[in-house]
Amino acid sequence: MTVAIVDYGSGNLRSAAKAFERVAGERSVVVTSDPDTVAKADHIVLPGVGAFGDCRAGLYAVDGMVDAMEETVIKQGKPFLGICVGMQLMASLGIEFGEHKGLGWIKGVVKEINLTDPTLKIPHMGWNTLSLKPSGTAHPVTSDIEAEDHAYFVHSFACFPEDETHILAETNYSTPISAVIGRDNLIGTQFHPEKSQAVGLRLLENFLSWRP
Amino acid sequence: MLKARIIPCLDVKDGRVVKGVNFVDLIDAGDPVEQAKLYDQQGADELCFLDITASSDNRDTIYDVVRRTAEQCFMPLTVGGGVRKTEDIRKLLLSGADKVSINTAAVFEPELVKEAANKFGSQCIVVSIDAKRTGPNKFEIFTHGGRKETGIDAVEWALRMADYGAGELLVTSMDKDGTKSGYNIALTKAISDATSVPVIASGGVGTLDHLVEGIRDGGATAVLAASIFHFGTYSIPEAKAFMAKAGIPVRPIEGN
């Protein structure tokens, strides 16, 4: 059993890899830019930090990677986790320094957080509470999130899925923000589970034992 | 609701933890990784390593400290001190740092902040602002641990750095650092009111009241402290309980 963390030059993959290793048990965790390795993996993880357009360009610049992901994740239905911008890339469109097409796996758009309280700071940075939506309460990866569980967020843009049931959990920053989105074998977290101490490690563990 | 963050900071020299009073008279007190694990267990919201004499000392020790910490602590880690070029930032991020703070180099080469934010994303670029009071409600940027004045106004500088892509500002009062007399609230507030990015208050914490003041009066979204935690004067849970009692929203300690 292999967990593939897709390396396309975006940010620090070491923390994600270390966090997965902590909960992986017998599985091997690989950080890879090789589409064949991704194609053969049992779990696919797409991290990402920075701007939507840059990440998209970086991902598409890895020859064959998006095809390999489409094949394993969409056609074969292997469990997929997107983290932060990796989650945002699942959307149809990102509006950040221009408009950029996403993977289109979850219908919706990524755009700037629209604060209703002007004293709040951007980026939305720090620990915020998670609140489950009905689809999250029923989801094996998120169902054990409790009312006062906090996760670590760092972002200025947020994902707005068209279908409300694709939002599994929200957080609030003067306005509701999608914290976990997903459908079928796809799940994504706006926050960083690899930086969210026990709450984050538990989510990663749930992801690895998930049989969508 | 977003919570105020408590960030213990470890001053590191040659891979060992130190803490100075006004940046001199350093006292050696332990292994940074052991300290980091303790703070992690105690429920600190983030960790900060400041490689204080990195400009002149053996630089590579910090990468090893960061690497070992990142293997054991699953929480955000900021590393600063002696960061001069994008290559330094890249190496720290690859070692396992989540954010890198730029101080002196930003003053001498402001474009570095722009370049770094473009290359790695604003979320990992912290600009460290060391300021001293030079007149009534007038603060100026100082470099080299507070020894060199620059003539740059602190608030103008903060605005420029935010504009260049800093994702966060670490504001340290060089008058207050090591004095245990509390943050410089006027400085913290001037910068947090003027800018739209999160501000971390730093320099001068002696009591838990000071942490409350940094958030409530200074408008910071995070408070950084070194010696009160490092020397065990207070623990992170004590700090959190105190802040919660004062009406500041904090993340409860996990498992409690």
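**View 1. Two salt bridges are counted between chain A and chain B.** Welcome to this predicted model. One salt bridge to look for brings together the side chains of A:Lys195 and B:Asp98, with 2.8 Å from N to O. Polar contacts also cross the interface of chain A and chain B: 19 residue pairs qualify, both partners being at pLDDT 80 or more.

**View 2. Helices and strands of chain A face chain B.** Helix 1 (13-23), strand 8 (124-129), strand 10 (150-155) and helix 7 (197-209) of chain A each bring at least two residues to the side that touches chain B. Strand 8 of chain A gives the most, namely six residues. Sorted by class, this side of chain A holds 12 nonpolar, 11 polar and eight charged residues.

**View 3. Here is the whole contact between chain A and chain B.** Chain A puts in 31 residues and chain B 38 residues. About 2800 Å² is buried between chain A and chain B, and carbon and sulfur atoms give 54% of that area.

**View 4. A:Cys84 is in no disulfide.** Its nearest cysteine sulfur belongs to A:Cys55 and lies 8.3 Å away. A:Cys84 counts as buried, because its relative accessibility is 4%, under the 20% cut-off. A search of the whole structure, over all chains, finds zero disulfides.

**View 5. B:Cys9 and B:Cys48 make a pair worth zooming in on.** The closest cysteine sulfur to that of B:Cys9 is in B:Cys48, at 3.8 Å. Why is there no bond here? The distance of 3.8 Å is too far, because a disulfide needs the sulfur atoms within 2.5 Å. B:Cys9 counts as buried, at 5% relative accessibility.

Note on methods. Residues are numbered from 1 along each chain as its sequence is written. Chains are lettered from A and ligands numbered from 1 in the order in which they are written. This is a predicted model: local features need pLDDT of at least 70, side-chain atom pairs count only at pLDDT 80 or more; totals for chains, interfaces and linings use all residues. Side-chain values use heavy atoms; hydrogens and water are left out. Contact means heavy atoms within 4.5 Å. Buried area is the accessible area (1.4 Å probe) that two parts lose on being put together, summed over both. A salt bridge is a side-chain nitrogen of Lys or Arg within 4 Å of a carboxyl oxygen of Asp or Glu. A polar contact is a pair of N or O atoms within 3.5 Å; within protein, one must be able to donate a hydrogen and the other to accept it, and residues adjacent in sequence count only if both atoms are side-chain atoms. Helices (H or I, at least four residues) and strands (E, at least two) are DSSP runs, numbered from the N terminus. Ala, Val, Leu, Ile, Met, Phe, Trp, Tyr, Cys and Pro count as nonpolar, Asp, Glu, Lys and Arg as charged, and the others, Gly among them, as polar. Buried means under 20% relative accessible area, exposed over 50%, partly exposed in between (1.4 Å probe, protein chains only).
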